[in-house]
Every structure is written in C-alpha cells, then in structure tokens.
Amino acid sequence: MNNNCLHVEKNVCDITLLCDLIPMGRDVTLCIHSKPGGHIGSAALAVARPSLTGQGQSTTTSVLNCVGHKDDAVAVHLAEAVSKAIGCTAVCVCGIHVDGLSPEGIETVLAACREIEGEILQALAQPED
C-alpha cells in the first residue's frame, strides 16, 4: 500500500457520502460520513489475522456505538473488508444521517456504501509505483 490518502464521494438520497482513507504506516483509518448531517455515530476496529479455519484471512473486530446510532452496519463492513484485503489493522469511523429515510432509502444508502467500498478495494489492489 502506498502512503497516499484516498477520497471517494457518492451522491444518493439528497446527500453526499464522503469517504477518506488515511494510511498510517501499514494500517489505515477510514472516515465515512454524509454531507449534510455528518457526525460520529460508530467506530469499528478490525485486526487482520489468519482464519480460524486455517484458510485465508479473517478479522477480529471491536465496535463502539454512540447511543441510538446504527452506523456500525457500515463501519464494521468497511473496516473488515479493508483489513482482510491488505492484511492490516483498519479503523472506520462512520456517521451518516438522513432525516425521514424510508427502508428503501436505507437500502439505497447501504448500496452506495458498498460501491464506495468497491472503489476503495480496487484502488488498494493497484500495484504501487
């Protein structure tokens, strides 16, 4: 992994999702939030380790949630995906807020977060110059 920060944006449900990846040595910090409405709702720490099945990579993950927040659904998924992909410790802080979002809207936002994850994983897979 190189030491360049990565920034990804997606427009969805009248908000902009912003995600920044910050390299910290061989580890990474990820921040994903909405504009407007960004905040700190949850944080997930994923530590890469060999799978207990003996095949492949897995993670041990710890989560902190602010009261009433469900941002861990995104934070855990993103931290674990990055941690497994590059074998590092990854922290993801997440705070996405949209007033009055329907269940379909929630699925749309989660799909956009998965697209952001895909872009990040693709960028991390690029060979270093």
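**View 1. Ser58 and its contacts in strand 5.** In this predicted model, Ser58 touches Val47, Ala48, Arg49, Pro50, Ser51 and Lys84, leaving aside neighbours within four places in sequence. Ser58 itself sits in strand 5. Is Ser58 buried or exposed? Its relative accessibility is 17%, and because the cut-off for buried is under 20%, Ser58 counts as buried.

**View 2. Val63, also in strand 5.** Val63 belongs to strand 5. At 38% relative accessibility, Val63 counts as partly exposed. Which residues does Val63 touch, beyond those up to four places away in sequence? They are Ala43, Ala44, Asp72 and Val76. A longer distance can be drawn to Thr108. Val63 and Thr108 are 45 residues apart in sequence, and their C-alpha atoms are 24 Å apart in space.

**View 3. The largest pocket.** The volume of the largest pocket is about 380 Å³. Helix 1 (72-86) and helix 2 (103-125) are the elements that each give two or more residues to its lining. Which element gives the most to that lining? Helix 2 does, with 3 residues. In total, 14 residues line the largest pocket. Nearest its centre lie Lys70, Asp71, Ile96, His97 and Ile106. By class, the lining of the largest pocket holds 8 nonpolar, 4 polar and 2 charged residues.

**View 4. Asp71, a buried acid at the pocket.** Asp71 is among the residues nearest the centre of the largest pocket. Its place is the loop between strand 5 (57-65) and helix 1. Asp71 is buried, yet has no salt bridge. How far away is the nearest side chain of opposite charge? That side chain is Lys70, and the distance is 10 Å. The cut-off for a salt bridge is 4 Å between a side-chain nitrogen and a carboxyl oxygen, so Asp71 and Lys70 do not form one. Apart from neighbours within four places in sequence, Asp71 is in contact with His39, Gly41, Ser42, Cys94, Gly95 and Ile96. Of these contacts, Ile96 is also among the residues nearest the pocket centre.

**View 5. The salt-bridge network around Lys10.** How many salt bridges does the structure hold? There are 2. Side chains of opposite charge can pair when their charged atoms come close. Glu115 forms a salt bridge with Lys10, and the closest N and O atoms are 3.6 Å apart. This pair links distant parts of the chain, with Glu115 in helix 2 and Lys10 in strand 1, 105 residues apart. Glu115 is partly exposed, at 45% relative accessible area. Glu119 also meets Lys10 in a salt bridge, at 2.6 Å from N to O. Glu119 lies in helix 2 and Lys10 in strand 1, so this pair ties together parts that are 109 residues apart in sequence. Glu119 is partly exposed as well, with a relative accessible area of 32%. Lys10, Glu115 and Glu119 are thus linked in a network of salt bridges.

**View 6. Glu9 in strand 1.** Glu9 lies in strand 1. With a relative accessibility of 48%, Glu9 counts as partly exposed. Which residues does Glu9 touch, not counting those up to four places away in sequence? Its contacts are Thr16, Leu17 and Leu18. Glu9 and Val109 are 100 residues apart in sequence. In space, the C-alpha to C-alpha distance between Glu9 and Val109 is 12 Å.

**View 7. Positive phi at Cys13 and Asp14.** Cys13 is found in the loop between strand 1 (6-12) and strand 2 (15-24). Asp14 has its place in the loop between strand 1 and strand 2. What is phi of Cys13? The angle is near 50°, a positive value in a residue other than glycine. Phi of Asp14 is near 65°, again positive in a residue other than glycine. Cys13 is partly exposed, with a relative accessible area of 28%. Asp14 is exposed, at 82%.

**View 8. The cis peptide bond before Pro36.** Which residues does the cis peptide bond join? The bond joins Lys35 and Pro36, with omega about 0°. Pro36 is placed in the loop between strand 3 (27-35) and strand 4 (42-50).

How values were computed. Residues are numbered from 1 along each chain as its sequence is written. This is a predicted model: local features need pLDDT of at least 70, side-chain atom pairs count only at pLDDT 80 or more; totals for chains, interfaces and linings use all residues. Side-chain values use heavy atoms; hydrogens and water are left out. On a 1 Å grid over the protein atoms alone, a cavity is a set of points where a 1.4 Å probe fits but cannot get out, and a pocket is an open set with protein on both sides within 12 Å along at least five of seven lines; lining residues have an atom within 4 Å of a point. Grid points are joined across faces, edges and corners, and a volume is the space filled by probe spheres set on the points. Helices (H or I, at least four residues) and strands (E, at least two) are DSSP runs, numbered from the N terminus. Ala, Val, Leu, Ile, Met, Phe, Trp, Tyr, Cys and Pro count as nonpolar, Asp, Glu, Lys and Arg as charged, and the others, Gly among them, as polar. Buried means under 20% relative accessible area, exposed over 50%, partly exposed in between (1.4 Å probe, protein chains only). Lys and Arg count as positive and Asp and Glu as negative; His and the chain ends are not counted. Contact means heavy atoms within 4.5 Å.
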